[in-house]
Amino acid sequence: MDLSQYSVYDGIGLAELVRQKEVTPKELKNAALEGIAKVNPQLNAIVSVLSEKSDEQIDAGLPDGPFRGVPFLIKEIVLHAAGVPFSMGSRLAKGAVFPYDTELMARFRKAGLVTVGTTTTPEFAYNATTESVLHGPTHNPWNLRHSSGGSSGGSGAAVAAGVVPFAHANDGGGSIRIPASCNGLVGLKPTRGRVPTGPDYSEPLNGLGIEFALTRTVRDAAALLDAVAGPDTGCYAWAQPPKRPFFDEISHPPRRLRIAWTSKPPSGVAVDQECLDSLHATVRLCEEVGHELVEASPVIDSEQHMLATLRIWAANVTSWIDGIAQATGQTPSEANVEAANLSTYRYGRNITATELLDALAIQNIVSRAVGSFFTEYDVLLSPTTARPPLPLGELNANASGLGAKEWTEQIFTYAPFTNLFNTTGQPAISLPLGWSRDGLPIGMQFAGRYADEATLLQLASQLEHACPWKERRPAFHVAAERLPIL
C-alpha cells in the first residue's frame, strides 16, 4: 500500500481493509514507517521508531479488536508500554524504560492497534508547545515555523501529517485540545474517570490529567473511546457509563441543543481577532444546523483558580522530579531540568499540605459554579486557544529567570479556555472549524455536561458533515509528492 492510498483512510477505514483482507497489518505498519521516514526529519514528532517491536506484536498474533492492524503512536508520558522508552521530554528521565504496560496501553493492544513509535512531549508535559531541550522543537505540518501545540504536539503533528490515523495523547490543562487546534484535528478530552489511568495513578495531577487520543475523524474518536473506556481493577473512581456505545451515538443527530458561547476567557486575557472571527462563524454554523445559541459563560474567581492550578501542577512536577532523581541517582539542576520546571520544582517543594488542600478546595468551588451553569445549557462553545498556532520559540520553557507563577500564566494566556474543564472533569472537544489568513488551523472548543461525551460526539459529527475538515491536509504530509520548503 503506497502512502497516497494509506493516508486517505481513518482508523476505522484501515481496520476494514484488514478485515476484508485487502491489506495486511504488516503492510500498514510498513506504510506508517515509510511515512515517519518521509516527514519526521522536518517535523521532529517521533522520538522512537519501534519497527522490531511492532513486527513482534504482529507475528505473535493481533487480537480481533475493532482496530486490528492499525498503526499507532504513543506519547512518552503517563501511559507507558513494556520495554519502550519513556523520557517525559526530560534529560533527567532520558533512557527510562518501564517493564510493564499501563492499563490503557493494554487496552490499546486489545483493540488491535500496532504501536510503531513514540512521540515528543515538552518536559513533564508542562507547556502549550512541544519544544524540549532533550528533543528540540516539534514543527507544525501546516507551517514549519509554527508550533504544533502542547503537550501532545508530537502526536498532533504525526496525525495531521498522515503518519497514523490517530495517536495517544493526554490532557492536564489542554494538552489534547491545544494540539488538535494547532494541527487541524479532533481532540476529545473525555470525562474524568472515563479512561483508565492505572496502575500507576488513581487520578493524575489530582484529577486534572485525562488520557485519550488525537484523531482526524469524529467516528474514530467515538469508536476508540468505546474500545478503551471503563474502570480498571481497583480504580479510585469512574464516570457513569453511557447508555449505548459512543459509536452508535454519532449515527443519531443531536436534539436541538441550547449552546452557550463566549469570546471572553475567565482570566480576561485578549483573544486574537482571527480566533474571534472563527468563533462567530461557528456560532452561525451551529444556528444553521438547528441549535439555540446564547452568549453566556460561567462566573468563577479566575485568580484563585489560577493559584490552585499552579499549586497542583507544582506539587506534581516536584513529585515526578524527586521520583526520577531518586531512581537515577541524579540531582535536579540546570544541567538536566529546564528553567521553568526547575523553578516550578523549587516552588513545589515549599508548598505545604494545607496549601495543597486549599487548592483542591478551590477546585471544588469552581466545579460547583460551572456545574450550576450547565444546568441551563447543554454545551459551552469558545475558541480553544486565544491565538492561532504560535511561532516556535515564543513559549520558551528554558528561558532564564522564569518563575513558576510567571510560567503558568504564560501557558494559560495562550490557552485560557481549556484548563477550566480539567478542573471540573467535564468532557470537552476541539474541532477544526476555523482557519487563519495564513492557512493555519484554529480550533473551536465545545464543553459538555459531566459524563455526557455522547452529546459532544453527536454535535461534532453533525458539524463534521456540515464542514468536512478531513479533506484538508497540510503542506507536510506523507502523501505529498514533494515536501515544500517553508
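**Close-up 1. Strand β15, covered on both faces.** In this predicted model, strand β15 (residues 441–448) is mostly covered, with eight of its eight residues buried. One side carries Pro441, Gly443, Gln445 and Ala447, the other Ile442, Met444, Phe446 and Gly448, and the residues of both sides are all buried. Look at Met444 for a handy landmark: its bridge partners include Pro383 and Leu431.

**Close-up 2. The neighbours of β15.** Strand β13 (residues 379–383) runs antiparallel to β15 and is joined to it by five bridges. Within β13, Val379 stands opposite Gly448 of β15. Strand β14 (residues 428–435) is also antiparallel to β15, this time with six bridges. β14 and β15 make a hairpin with five residues between the strands, and there Gly439 takes a positive phi near 80°.

**Close-up 3. The eight-stranded sheet.** Pull back a little and β15 turns up in an open sheet of eight strands, ordered β8-β10-β9-β14-β15-β13-β11-β12, with mixed pairing. The edges are β8 (166–171) and β12 (292–295); each has a single partner strand, so one side of each has no neighbour in the sheet. On average, and ignoring direction, neighbouring strands here are turned by 25° against each other. Helix α8 (residues 218–228) lies across β8, β9 and β10, and runs at about 145° to β10.

**Close-up 4. Helix α16, largely enclosed.** Helix α16 covers residues 453–466, and its end C-alpha atoms sit 20 Å apart. That agrees with the 20 Å that its 14 residues should span at 1.5 Å a residue. Because 12 of those 14 residues are buried, the rest of the structure largely encloses α16. The buried set is Glu453, Ala454, Thr455, Leu456, Leu457, Gln458, Leu459, Ala460, Ser461, Gln462, Leu463 and Glu464.

**Close-up 5. Two cis peptide bonds in loops.** Most peptide bonds are trans, so a cis one is worth a look. Gly150 and Ser151 are joined by a cis peptide bond, with omega about 5°. Ser151 belongs to the loop between β7 (143–147) and α6 (153–160). Another cis peptide bond links Gly198 to Pro199, with omega about 0°. You'll find Pro199 in the loop between β9 (186–189) and β10 (210–215).

**Close-up 6. Positive phi at Val78 and Phe124.** Most residues other than glycine have a negative phi. Val78, although not a glycine, has a positive phi of about 70°. Its place is the loop between β2 (71–75) and α5 (103–110), and its relative accessibility of 16% means that Val78 counts as buried. Phe124 also has a positive phi, near 55°. Phe124 is in the loop between β3 (114–119) and β4 (131–132), and at 0% relative accessibility it counts as buried.

**Close-up 7. Cysteines without disulfides.** Searching the whole structure turns up zero disulfides. Why is Cys275 not bonded to Cys182? Cys182 has the closest cysteine sulfur, but at 9.7 Å from the sulfur of Cys275 it is too far for a bond. Cys275 is buried, with a relative accessible area of 0%. Cys467 is in no disulfide either: its nearest cysteine sulfur, that of Cys286, is 11 Å away. At 27% relative accessibility, Cys467 counts as partly exposed.

**Close-up 8. Aromatic rings, edge-to-face.** The whole structure holds 12 aromatic pairs. In one of them, Phe98 and Tyr100 meet edge-to-face, 5.8 Å centre to centre and with 90° between the planes. Phe98 is partly exposed, with a relative accessible area of 25%, and Tyr100 is partly exposed at 32%. Phe374 and Phe421 also form an edge-to-face pair, because their planes are at 90°, with the ring centres 6.3 Å apart. This pair links distant parts of the chain, 47 residues apart: Phe374 is in the loop between α13 (353–373) and β13, while Phe421 is in helix α15 (residues 420–424). Phe374 counts as buried at 3% relative accessibility, and Phe421 is buried with a relative accessible area of 2%.

**Close-up 9. An aromatic cluster.** Four rings come together here: Phe67, Phe72, Phe108 and Phe166 form one aromatic cluster.

Note on methods
Residues numbered from 1 in each chain as written. Predicted model: local features only at pLDDT ≥ 70, side-chain atom pairs only at ≥ 80, totals over all residues. Heavy atoms only, no water. Helix = DSSP H or I, 4+ residues; strand = E, 2+ residues; numbered from the N terminus. Expected span 1.5 Å × (residues − 1). Buried < 20%, exposed > 50% of the residue type's maximum accessible area, 1.4 Å probe, protein only. Disulfide = S-S within 2.5 Å. Pairing = 2+ DSSP bridges. Axes fitted to C-alpha atoms, helices over the stretch in contact; angles between N-to-C directions. Contact = heavy atoms within 4.5 Å. Phe/Tyr/Trp six-rings, centres within 6.5 Å; stacked < 30°, edge-to-face > 60°.
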